[in-house]
Amino acid sequence: APVAPGKVIAIARNYQSHLGKIPPPPRPEMFYKPVACICGPDDAIILPKDSTDVHYEGELVAVIGKTAKNVSAANAKKYIAGWTIGNDVSERTWQRGDRTGWRAKNSDTFNPMGPWIVSGADYRDMTTAVRLNGEEVDRFATGPMIHDVETYIEEISKYCTLYPGDILWMGTDGAPRNMKPGDVCEIEITGIGVLRNPVVAVD
């Protein structure tokens with residue numbers, strides 16, 4: 001992966017069409033991920049033996065560039081070093097049944113990220129596309145989040161200092177599909193590049 005983060009913060013429920021009929025959160029929602037679930041471009045997404053319904057989630061990832069504490073949304077852009085692409089792999093059966101997402105979203109290799117970090121881009125002009133085995137299965141405008149990147153930096157930095165290299169996964173839109181061993185998942189965000197990962201079964 002293009003960065004070794006100290007903190008991985010994932011954004012929950014941040015695109016309306018992904019929520020369907022669920023009402024949007026009135027304030028920003030987020031959760032921590034372990035650093036150990038991160039892997040890089042072309043690394044295999046390894047499906048545990050008892051997983052049954054594993055989805056991709058194409059996400060924009062913001063990389064923090066300097067220490068941020070009590071940062072206003074108006075000034076938050078100054079604290080972003082750049083952008084990369086993430087695939088927030090999610091086992092939906094576990095996600096529905098477990099009290100937390102400890103394995104549904106945090107199993108080893110469940111967070112591929114890359115291929116590199118791009119600075120100076122405007123995420124409001126980006127488009128996210130997902131391909132499974134070469135077929136485009138999702139496409140959405142990256143910018144129209146329920147709560148934008150700057151709002152999240154303001155909210156997080158009130159309570160938790162953000163340090164250089166920390167990353168914010170900004171959520172997904174659309175209706176992700178199931179992945180199976182032998183698939184290849186590609187996530188492309190305009191202005192950044194393509195994150196490609198094969199899907200394999202655990203030995």
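In this predicted model, the second largest pocket is lined by Phe31, Arg92, Gln95, Arg96, Asp98, Arg99, Thr100, Gly101, Trp102, Lys105 and Asn106. The space inside this pocket comes to about 170 Å³. Helix 2 gives the most to the lining, with three residues. Sorted by class, the lining of the second largest pocket holds two nonpolar, four polar and five charged residues.

The largest pocket offers about 280 Å³ of space. Its lining is made of 16 residues, and the closest to the centre are Ala12, Arg13, His18, Glu57 and Gln95. Gln95 turns up in the lining of the second largest pocket as well. Helix 1 (16-19) and helix 2 (92-97) each bring at least two residues to the lining of the largest pocket. By class, that lining splits into five nonpolar, five polar and six charged residues. As for how such spaces are found, rolling a probe the size of a water molecule over the atoms shows where empty space is left.

Away from the pockets, strand 6 is a good place to look at burial. Seven of the seven residues of strand 6 are buried, so this strand is largely enclosed by the rest of the structure. In a regular strand the side chains alternate between the two faces of the sheet. For strand 6, both faces are covered: Gly58, Leu60, Ala62 and Ile64 are buried on one side, and Glu59, Val61 and Val63 are buried on the other. Strand 6 also has pairing partners. Seven bridges tie strand 6 to strand 7, and the two run antiparallel; within this pair, Gly58 has Asn87 as its bridge partner. Strand 12 is joined to strand 6 by three bridges, again in the antiparallel sense, with Val61 standing opposite Trp169.

Two residues from this part of the model deserve a closer look. Glu59 sits in strand 6 (residues 58-64). Its relative accessibility is 1%, so Glu59 counts as buried, the cut-off being under 20%. Leaving out residues up to four places away in sequence, Glu59 touches Thr84, Ile85, Gly86, Asp88, Trp169, Met170, Gly171, Thr172 and Ile189. Glu59 and Ile11 are 48 residues apart in sequence, yet their C-alpha atoms are 9.8 Å apart in space.

Ile167, the second of these residues, belongs to strand 12. Ile167 has a relative accessible area of 0% and is therefore buried. Not counting neighbours within four places in sequence, Ile167 is in contact with Val3, Pro5, Lys7, Val8, Ile9, Ile38, Val61, Ala62, Val63 and Met113. One of these contacts spans a long stretch of chain: Val8 lies 159 residues away from Ile167 in sequence, but 5.2 Å separates their C-alpha atoms.

Helix 3 (residues 149-159) has its own set of buried residues, namely Val149, Glu150, Tyr152, Ile153, Glu155, Ile156 and Ser157. What covers them includes strand 1 (8-11), strand 2 (30-33), strand 6, strand 7 (80-87) and strand 12 (167-169).

Next come the open sheets. One of them has five strands in the order 4-15-14-10-11, with mixed pairing. Its edges are strand 4 (45-47) and strand 11 (135-141), each of which pairs on one side only. From one strand to the next, the twist averages 20 degrees. Inside this sheet, strand 10 (residues 127-132) pairs with strand 14 (residues 184-189) over five bridges in the antiparallel sense, and Leu132 has Cys185 as its bridge partner. Strand 10 also pairs with strand 11, through six bridges and again antiparallel; here Arg131 is partnered by Glu136. These two strands make a hairpin with two residues between them, and Asn133 in the turn has a positive phi of about 55 degrees.

Another open sheet has three strands, in the order 8-5-13, with antiparallel pairing. Strand 8 (90-91) and strand 13 (178-179) are at the edges and have a single partner strand each, so one side of each is left without a neighbour in the sheet. Strand 5 (residues 54-55) is joined to strand 8 by two bridges, running antiparallel, and the bridge partner of Val54 is Glu91.

Key: Residues numbered from 1 in each chain as written. Predicted model: local features only at pLDDT ≥ 70, side-chain atom pairs only at ≥ 80, totals over all residues. Heavy atoms only, no water. Pairing = 2+ DSSP bridges. Helix = DSSP H or I, 4+ residues; strand = E, 2+ residues; numbered from the N terminus. Axes fitted to C-alpha atoms, helices over the stretch in contact; angles between N-to-C directions. Buried < 20%, exposed > 50% of the residue type's maximum accessible area, 1.4 Å probe, protein only. Contact = heavy atoms within 4.5 Å. 1 Å grid on protein atoms, 1.4 Å probe; cavity = no way out; pocket = protein on both sides within 12 Å on 5 of 7 lines; lining within 4 Å. Points joined across faces, edges and corners; volume = space filled by probe spheres on them. Nonpolar A, V, L, I, M, F, W, Y, C, P; charged D, E, K, R; others polar.
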